[in-house]
Amino acid sequence: QVQLVESGGGLVQAGGSLRLSCAASGRASSGYAMGWFRQAQGKEREFVAAIKWSGGLTYYADSVKGRFTISRDNNQNTVYLQMNSLKPEDTAVYYCARRTSFLAAQSMALMTAYDYWGQGTQVTVSS
């Protein structure tokens, strides 16, 4: 089993920044990729970003490209999401997720491809 714990959410004004963290424990070494997803109230969960543990290749949703950066610290088994130039439409609960086996690049954005999920952290951007 793998446990994922997100932190770093909060309330920020539009144009501000936040950095989310996701710490993995348990069978933390058994990972292929980590992803961030978000779910706004009344909407479906959507892909935000993903990163491969080995090599660090990254993937982003068009809506966050150029504003968000995903990174990882392999020694700490932690993945980060640096969010800059935040907009009110970024308001959502942000979830991290872990994929334990190989995943093709074109599937990185699929919610169903991930094996473990965190409990989520709320990000609220005020206008």
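## Strands S7 and S8

Let's start with a pair of strands: S7 and strand S8, which covers residues 78-83, run antiparallel and are joined by six bridges. Within this pairing, isoleucine 70 has leucine 81 of S8 standing opposite. Please keep in mind throughout that this is a predicted model.

The loop between S7 and S8 holds asparagine 77. Its backbone deserves a look: phi of asparagine 77 is near 50 degrees, a positive value in a residue other than glycine. Asparagine 77 counts as partly exposed because its relative accessible area is 22%. A second residue of this kind is serine 85, where phi is near 50 degrees, again positive in a residue other than glycine. Serine 85 belongs to the loop between S8 and strand S9 (92-99), and with a relative accessible area of 41% it is partly exposed.

## The four-stranded sheet

S7 and S8 also belong to a wider arrangement. Four strands make up an open sheet with the order S1-S3-S8-S7, and the pairing is antiparallel. Strand S1 (2-7) and strand S7 (68-73) are the edge strands, each pairing on one side only. On average, neighbouring strands of this sheet are turned by 15 degrees against each other, direction ignored.

Strand S3 (residues 18-26) includes alanine 24. Is alanine 24 buried or exposed? Alanine 24 is buried, because its relative accessible area is 11%, and the cut-off for buried is under 20%. Which residues touch it, leaving aside its neighbours within four places in sequence? Alanine 24 is in contact with Val2, Gln3, Leu4, Asn77 and Arg98. Of these, Asn77 has already appeared above as a residue of the loop between S7 and S8. For a sense of scale, the C-alpha atoms of alanine 24 and lysine 52 are separated by 14 Å, and the two residues are 28 apart along the chain.

## The disulfide

The structure holds one disulfide. The link is formed by cysteine 22 and cysteine 96, whose sulfur atoms are 2.0 Å apart. What does this link tie together? Cysteine 22 lies in strand S3 and cysteine 96 in strand S9, so the pair connects parts that are 74 residues apart in sequence.

The geometry about the S-S bond is 50 degrees, and the link of cysteine 22 and cysteine 96 is right-handed. Both cysteine 22 and cysteine 96 are buried.

## Aromatic pairs and charges over rings

How many aromatic pairs are there? The count comes to five. One of them is formed by tyrosine 32 and phenylalanine 102, an edge-to-face pair with 5.4 Å centre to centre and 65 degrees between the planes. This pair links distant parts of the chain, 70 residues apart: tyrosine 32 is in the loop between S3 and strand S4 (33-39), and phenylalanine 102 is in the loop between S9 and strand S10 (116-117). Phenylalanine 102 counts as exposed, because its relative accessibility is 58%. Another pair is made by tyrosine 114 and tryptophan 117: their ring centres are 6.3 Å apart and their planes stand at 65 degrees, so this pair is edge-to-face.

Tyrosine 114 is buried, with a relative accessible area of 6%, whereas tryptophan 117 is partly exposed at 28%. Together with Phe37 and Phe47, Tyr114 and Trp117 form one aromatic cluster. Tryptophan 117 also meets a charge: arginine 45 lies over its face, at 5.1 Å from the ring centre. Arginine 45 lies over the face of tyrosine 95 as well, at 3.7 Å from that ring centre.

## Strand S11 and its partners

In a regular strand, side chains alternate between the two faces of the sheet. Strand S11 (residues 121-126) shows such alternation: Thr121, Val123 and Val125 point to one face and are buried, while Gln122, Thr124 and Ser126 point to the other and are not.

Which strands pair with S11? One is strand S2 (residues 10-13), which pairs with S11 in the parallel sense over four bridges. Another is S9, which runs antiparallel to S11 and is joined to it by three bridges. Valine 123 appears in both pairings: valine 123 is the bridge partner of glycine 10, and alanine 92 stands opposite valine 123.

Definitions and conventions: Residues numbered from 1 in each chain as written. Predicted model: local features only at pLDDT ≥ 70, side-chain atom pairs only at ≥ 80, totals over all residues. Heavy atoms only, no water. Pairing = 2+ DSSP bridges. Helix = DSSP H or I, 4+ residues; strand = E, 2+ residues; numbered from the N terminus. Axes fitted to C-alpha atoms, helices over the stretch in contact; angles between N-to-C directions. Buried < 20%, exposed > 50% of the residue type's maximum accessible area, 1.4 Å probe, protein only. Contact = heavy atoms within 4.5 Å. Phe/Tyr/Trp six-rings, centres within 6.5 Å; stacked < 30°, edge-to-face > 60°. Lys NZ or Arg CZ within 6 Å of the ring centre and 35° of its normal. Disulfide = S-S within 2.5 Å.
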